[in-house]
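Trainee: I'm new to this one, could you walk me through it?
Mentor: Gladly, let us look at it together and start from the outside.

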Amino acid sequence: MILPWSASLADKWDAYCDQHDQAWFWHRSGWMTYCDARQTPTLNLSFAMISGEKIVGICPIILEDCSLTYQAGPCPRPICEDRSVQIEMMSHLKSIFDSYFVEDYTFRGNGNIINLPSKNISWKTRIIDLQPLSEIEIVRRWRNVRKSYKSLINNTNRSYRIEKSINPRDVYILHALHREQAGHETRPQASWDLMAAWVHTGHAYLCLCWNSAGICEGAVYVYSYKGHEYYGHAATNKDNINHALIWESLRTSDAQTFELGWQGHAENIKEQDIEFFRRGFGGIDHPLTVSRITV
């Protein structure tokens with residue numbers, strides 16, 4: 001049986017993600033709610049496949065204009081228990097295309113999940129493979145940092161106090177920095193509240209940079225799930241302190257991998273600079289398989 005998304009499904013939905021080996025944080029209900037909490041009109045058309053009282057498949061999708069996407073990026077791929085469940089889920093997905101006049105569907109993964117032509121629009125993402133945390137492992141991680149970044153990190157550590165935080169209230173320090181940096185509010189308060197909740201549940205943490213007067217000059221926010229971490233958000237008041245914040249995340253991480261973000265997807269010079277910055281901490285580019293179905 002197909003059940004459209006509702007808040008009453010959240011606990012079962014997240015439990016399913018937690019036990020499914022192909023699910024990551026982006027599949028969970030909180031991230032879906034985060035992507036739906038925008039200023040522009042969206043419609044959450046996600047659904048679950050239920051057998052008895054148990055979820056056996058999920059399909060996270062949000063309608064933005066005429067596209068099924070996640071904040072203009074790819075949706076997490078549908079996941080399910082077996083081929084028969086997949087067939088029923090994809091049949092329902094096709095009905096959504098027709099009912100809501102969907103023009104395209106962009107998602108992570110290969111396009112063979114549904115019997116419609118798809119286009120491979122893949123790019124890459126930068127990932128650092130980490131060994132168990134130890135003194136020698138910290139030395140190895142430092143060795144892979146770009147040489148020009150090392151002096152910036154050392155200078156920041158001499159002038160500021162860098163600390164890791166699992167205090168949900170510190171998300172609102174990041175919020176204030178983000179608002180000051182942008183000069184205006186960039187997204188609804190609900191999205192920041194969700195980020196604070198994820199710190200509370202152990203799905204994220206922050207690193208903060210404090211000056212001698214006790215004022216926070218910068219912060220980064222890192223997602224953490226199933227032994228993998230993802231550099232998500234940053235805001236700073238001072239130039240060249242973000243390097244030390246990311247290094248603190250890497251230096252103290254006990255994850256298996258640390259993902260710094262997309263590569264080869266930049267659409268302007270600013271985004272190219274961001275991609276260059278991400279490459280400065282080591283790691284290699286891994287394929288990020290993305291498909292688009294045009295209806």
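**Surface and overall build**

Mentor: The accessible surface of the chain comes to about 14400 Å², and 50% of that belongs to carbon and sulfur atoms; such areas come from the Shrake-Rupley method with a 1.4 Å probe, and for residues only the protein chains shown count as cover. Please keep in mind that this is a predicted model, in which local features need pLDDT of at least 70 and side-chain atom pairs count only at pLDDT 80 or more, while totals for chains, interfaces and linings use all residues. Residues are numbered from 1 along each chain as its sequence is written, and side-chain values use heavy atoms, with hydrogens and water left out.

Trainee: OK, and how many helices and strands does the chain have?
Mentor: The chain has nine helices and 17 strands, where helices (H or I, at least four residues) and strands (E, at least two) are DSSP runs numbered from the N terminus. The radius of gyration, taken over C-alpha atoms, is 20 Å, close to the 19 Å that the globule rule gives for 295 residues, so the chain is as compact as a globular protein of that length. That rule is 2.2 Å times the number of residues to the power 0.38.

Trainee: What share of the residues is buried?
Mentor: Buried residues make up 51% of the 295 in the chain, with buried meaning under 20% relative accessible area, exposed over 50% and partly exposed in between (1.4 Å probe, protein chains only).

Trainee: Switching to sheets, what is the strand order in the one with seven strands?
Mentor: That open sheet runs E11-E12-E13-E14-E15-E10-E16, with mixed pairing, and two strands pair if DSSP finds at least two bridges between them. Strand E11 (161-165) and strand E16 (284-288) stand at the edges with a single partner strand each, so one side of each has no neighbour in the sheet. From one strand to the next the twist averages 30°, with axes being lines fitted to C-alpha atoms, for helices over the stretch in contact, and angles running from 0 to 180 degrees between N-to-C directions.

Trainee: In which sense do E10 and E16 pair?
Mentor: Strand E10 (residues 123-129) and E16 pair in the antiparallel sense over five bridges, and in E16 the bridge partner of Thr125 is His286. Helix H9 (residues 269-278) packs on this sheet, touching E10, strand E14 (228-236) and strand E15 (257-263), and the direction of H9 makes about 155° with that of E15.

Trainee: And helix H2, why is it largely enclosed?
Mentor: Six of the eight residues of H2 (residues 29-36) are buried, so the rest of the structure largely encloses this helix. Those buried residues are Ser29, Gly30, Trp31, Met32, Tyr34 and Cys35, and what covers them includes helix H1 (10-19), helix H7 (189-200) and strand E13 (216-225), where contact means heavy atoms within 4.5 Å.

Trainee: You mentioned Cys35, so how many disulfides are there?
Mentor: The count comes to zero, a disulfide being a pair of cysteine sulfur atoms within 2.5 Å. The sulfur of Cys35 is 8.5 Å from the closest cysteine sulfur, in Cys75, which is too far for a bond, and Cys35 counts as buried at 1% relative accessibility. Likewise, the sulfur of Cys207 is 11 Å from the closest cysteine sulfur, in Cys209, too far for a bond, and Cys207 counts as buried at 0% relative accessibility.
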